[in-house]
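User: Could you take a close look at the charged side chains in this one and walk me through how they pair up? Some context on the rest of the chain would help too.

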Amino acid sequence: GVIFPGFGSSGAEELLQLREEQQQRELGRRREQLREAQQRLQEVALEAQQAQLKRLRQTSERYWDEL
């Protein structure tokens, strides 16, 4: 393996392990951010769909009232 000056072999392994743990935490954070963004997107889409249905109902009611 790579030996970092001043660390020795076991120190290099420890650094690599720490780096791997850091990458895993970062990956977990990114997954959580993506999950939250996906949830917000679903909520916004649902709200837009509900608003569209409401407008459609109102338009339909006005149409039938005018007949």
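Analyst: The accessible surface of the protein chain comes to about 6,600 Å², and carbon and sulfur atoms account for 53% of that area. Keep in mind that this is a predicted model. Of the 67 residues in the chain, buried ones make up just 3%. The secondary structure is quick to describe: one helix and zero strands. That helix, helix 1, covers residues 8-66.

There's an annotation to lay over this. UniProt, in an unreviewed entry, puts a "coiled-coil region" at residues 20-54. In the model that span is 100% helix and 0% strand, and its end C-alpha atoms sit 51 Å apart.

Now to the charged side chains. As a rule, side chains of opposite charge can pair when their charged atoms come close. With a cut-off of within 4 Å between a side-chain nitrogen of Lys or Arg and a carboxyl oxygen of Asp or Glu, the count here is three salt bridges.

Let's start with Glu 26, since Glu 26, Arg 29 and Arg 30 are tied together in a network of salt bridges. One link in it runs between Glu 26 and Arg 29, whose closest N and O atoms are 2.7 Å apart. How does the helix set this pair up? Arg 29 and Glu 26 are three residues apart in helix 1, so about one helical turn separates them. The other link joins the side chains of Glu 26 and Arg 30, at 3.4 Å from N to O. Here the spacing is four residues in helix 1, which again means a separation of about one helical turn.

What about solvent exposure in that network? Glu 26 has a relative accessible area of 30%, so it's classed as partly exposed. Arg 29 is partly exposed as well, at 44%, and Arg 30 falls in that class with 47% relative accessibility.

The remaining salt bridge to go through is Arg 35 with Glu 32, their side chains meeting at 2.7 Å, N to O. Both of these residues lie in helix 1, three residues apart, or about one turn of the helix. As for accessibility, Arg 35 is partly exposed with a relative accessible area of 44%, and Glu 32 is partly exposed at 34%.

For the rest of the picture, head along the chain to the aromatics. The structure holds one aromatic pair. Its members are Tyr 63 and Trp 64, arranged edge-to-face, with 5.4 Å from centre to centre and 75° between the planes. Edge-to-face is the right label because the angle between the planes is over 60 degrees. Tyr 63 lies in helix 1 and is partly exposed, with a relative accessible area of 48%. Trp 64 has a relative accessible area of 56%, so it counts as exposed.

Those two aromatics turn up once more at the surface. Tyr 63, Trp 64 and Leu 67 make a nonpolar surface patch of about 410 Å².

So, back to your request: the pairing comes down to three salt bridges, with Glu 26, Arg 29 and Arg 30 linked in a network and Arg 35 meeting Glu 32.

Key: Residues are numbered from 1 along each chain as its sequence is written. This is a predicted model: local features need pLDDT of at least 70, side-chain atom pairs count only at pLDDT 80 or more; totals for chains, interfaces and linings use all residues. Side-chain values use heavy atoms; hydrogens and water are left out. UniProt positions are given in the numbering used here, feature names are shortened, and annotations may be inferred rather than shown by experiment. Helices (H or I, at least four residues) and strands (E, at least two) are DSSP runs, numbered from the N terminus. Buried means under 20% relative accessible area, exposed over 50%, partly exposed in between (1.4 Å probe, protein chains only). Rings of Phe, Tyr and Trp (its six-membered ring) pair if their centres lie within 6.5 Å; planes under 30 degrees apart count as stacked, over 60 as edge-to-face and the rest as tilted. Patches are made of residues with over 30% relative accessible area and no salt bridge: like charges are joined within 9 Å, nonpolar side chains (Val, Leu, Ile, Met, Phe, Trp, Tyr) within 5 Å. Accessible areas come from the Shrake-Rupley method with a 1.4 Å probe; for residues, only the protein chains shown count as cover.
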